[in-house]
Amino acid sequence: MRTEALARLAEERVDHRFKGLPPDADGLTVGELAAQRRNLFRAADGFATPVLALSAERLEHNLALMEAYAARHGLAFAPHGKTSMAPQLFHRQLEHGAWGITLAVPHQVRVAREFGVRRIFLANELVDAAALRWIAAELAADPEFRFVAYVDSVRGVELMDAALKGCARPVDVVVELGAGDGARTGVRTEADARAVAEAVGRASGTLRLVGVAGYEGEVPQPDPERVRAYLRRLVALAAELDRAGLFKGAQEIVVSAGGSGWFDSVAEVFAEIPELSAPVLKLLRSGAYVSHDDGHYRRITPFARVPEEGALEPAFRLWAQVVSRPTPEQAFANAGKRDAAYDLDLPAAQVVRRGEVERPADGITVTGLSDQHAWLRTEPGADVEVGDWIGLGLSHPCTSFDKWQLIPVAEADGTVVDFIRTYF
């Protein structure tokens with residue numbers, strides 16, 4: 001990555017744009033504020049609620065765990081960058097052995113390229129002519145840039161071919177196999193896949209077919225048997241297209257899958273990939289692992305099925321303050337939909353801080369969110385009062401990161417050692 005671009009992040013000035021930061025830090029650079037090692041919980045240090053924090057220790061744990069998992073199973077790893085859209089985290093993922101970064105839309109690719117990401121897997125069919133011309137220019141300007149995108153229709157191939165006429169380097173593509181009826185994108189049948197692959201072959205000079213890909217998280221009514229069956233279809237498709245000579249010119253054949261819920265099945269089935277006409281890049285794309293969570297991904301993580309492989313740790317905590325206690329059964333905190341993910345699960349009250357004392361949030365439940373308030377049900381005996389800080393666990397990393405432009409990274413005692421910049 002471009003270390004000078006990353007270094008410039010530390011030169012950005014702190015001001016009103018960034019939620020939760022100390023008001024008296026205005027005018028400092030991000031690097032200067034981080035060097036002060038202020039504490040989230042020390043009143044004199046000035047952090048204001050609501051404020052989202054990432055655990056320094058848990059981030060490092062999760063990065064190291066998935067690096068080891070991928071290596072142990074012979075998988076290349078291109079974590080999905082849409083989760084965080086944080087170039088500093090992309091950098092750390094690459095340092096921890098990632099092959100590249102997966103992205104979903106052209107804007108995200110532009111962010112990654114601005115920070116020097118050299119390998120990008122676009123898990124989408126790209127038919128926007130302006131974006132394709134920009135990609136072609138990036139490929140022409142940087143011989144080390146590797147870009148791979150989905151195709152899932154003959155029409156899409158034709159649009160890509162038209163936009164890329166005259167490009168200096170062909171754009172590498174993989175046929176996306178849909179996960180079943182009612183699933184998201186991707187061809188529905190192997191015959192359709194063959195037709196798309198042959199259309200790529202006719203797009204001489206603009207596109208190059210290098211593999212197949214899919215997303216097992218879209219398998220209808222998923223269970224291990226259904227997920228493995230779909231993944232075996234994906235592997236069989238790669239072998240079929242290879243036998244037909246449709247990967248001609250590919251130096252390696254890409255076979256890619258892997259969200260954050262079934263990567264154990266991906267590892268199992270990809271271990272069965274037969275020898276093909278070129279080396280196989282077995283590419284896993286799980287992204288939510290970097291922060292993990294306290295809800296949806298905690299429930300579905302494959303590490304719950306294979307505990308001997310380790311365990312991810314939730315790295316997010318949203319700190320809010322109790323601002324109203326109108327009845328013994330109810331309280332309100334000052335964080336809401338603008339601050340917390342709520343598309344999969346509501347936040348979960350985990351701890352209460354009063355001064356320097358932190359204790360479990362026993363008897364406190366988040367029952368709803370308004371734009372700027374969390375509704376708290378308080379059971380008899382729940383010890384909470386106006387002014388207390390509530391530490392909330394979040395569910396769904398993708399819709400947690402996108403609400404915060406600058407996120408403190410804090411050690412276990414609350415000391416802030418870094419700030420993560422996001423680009424949504």
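Helices, of at least four residues in state H or I, and strands, of at least two in state E, are DSSP runs numbered from the N terminus. With that numbering in hand, select H292, which sits in the loop between β9 (280-284) and α11. The model on display is predicted.

**Stop 1: two backbone exceptions at H292 and M85**

At H292, phi is near 55 degrees, a positive value in a residue that is not glycine. Buried or exposed, where does H292 fall? Its relative accessibility is 4%, so H292 counts as buried. Most residues other than glycine have a negative phi, and most peptide bonds are trans.

Select M85 next. This residue, also not a glycine, has a positive phi of about 45 degrees. M85 belongs to the loop between β2 (76-77) and α4 (87-95). Because its relative accessibility is 0%, M85 counts as buried.

**Stop 2: the cis peptide bond**

Move to T49 and P50. The peptide bond from T49 to P50 is cis, and its omega is near -5 degrees. P50 lies in the loop between α2 (30-35) and β1.

**Stop 3: the parallel sheet**

Now display the strands as a cartoon. An open sheet of 8 strands follows the order β2-β9-β8-β7-β6-β5-β4-β3, with parallel pairing. At its edges are β2 and β3 (101-103), each of which pairs on one side only. Inspect β5 (residues 146-151) and β6 (residues 171-176), two parallel strands joined by 4 bridges. Opposite V151 in this pair, select V175 of β6.

**Stop 4: the nonpolar cores**

Which residues touch the most other members of the largest nonpolar core? In this core of 128 residues, they are F121 and F147. Helix α9 (residues 224-243) contributes the largest share of the core, 9 residues. Select F147 and show its neighbours: leaving aside residues up to four places away in sequence, F147 touches V109, I120, L122, L126, I135, L139, V171 and D172. Another core, of 19 residues, lies apart from the largest one and includes V14, A25, F47 and V51. In soluble globular proteins, nonpolar side chains tend to be buried together.

**Stop 5: the enclosed strand β16**

Select residues 389-393, strand β16. How many of its residues are buried? The count is 5 of the 5, so β16 is largely enclosed by the rest of the structure. On one side the buried residues are W389, G391 and G393, and on the other I390 and L392, so that both faces are covered. Two pairings can be traced from here. β10 and β16 run antiparallel and are joined by 4 bridges, with Q321 opposite W389. β12 also pairs with β16 in the antiparallel sense, over 5 bridges, and there W389 is the bridge partner of R353.

**Stop 6: the pockets**

Rolling a probe the size of a water molecule over the atoms shows where empty space is left. The largest pocket has a volume of about 710 Å³. Its lining comprises 34 residues, and those closest to the centre are H80, K82, R184, Y215 and Y297. Elements that each supply at least two lining residues are β4 (119-125), α11 (296-300) and α12 (398-401). Of the elements, α11 gives the most, with 3 residues. By class, this lining has 12 nonpolar, 15 polar and 7 charged residues.

For the second largest pocket, with about 360 Å³ of space, centre the view on S55, R317, W319, E411 and A412, the closest to its centre of the 21 lining residues. Here β1 (51-55), α3 (56-72), β10 (316-327) and β12 (348-354) each supply at least two residues of the lining. The lining divides into 10 nonpolar, 3 polar and 8 charged residues.

**Stop 7: the cavities**

The whole structure holds 2 cavities of 30 Å³ or more. The largest has a volume of about 60 Å³. Select its lining: E176, L177, G178, A179, A183, R184, T185, G214, Y215, E218 and Y230. This lining has 5 nonpolar, 3 polar and 3 charged residues.

The tour ends at the second largest cavity, which holds about 40 Å³ of space. Its lining consists of S260, F263, A288, Y289, H292, Y297, T301 and L312, and these divide into 5 nonpolar, 3 polar and no charged residues.

Methods
Residues numbered from 1 in each chain as written. Predicted model: local features only at pLDDT ≥ 70, side-chain atom pairs only at ≥ 80, totals over all residues. Heavy atoms only, no water. 1 Å grid on protein atoms, 1.4 Å probe; cavity = no way out; pocket = protein on both sides within 12 Å on 5 of 7 lines; lining within 4 Å. Points joined across faces, edges and corners; volume = space filled by probe spheres on them. Nonpolar A, V, L, I, M, F, W, Y, C, P; charged D, E, K, R; others polar. Buried < 20%, exposed > 50% of the residue type's maximum accessible area, 1.4 Å probe, protein only. Pairing = 2+ DSSP bridges. Core = buried A, V, L, I, M, F, W, Y, C linked by side-chain atoms within 4.5 Å. Contact = heavy atoms within 4.5 Å.
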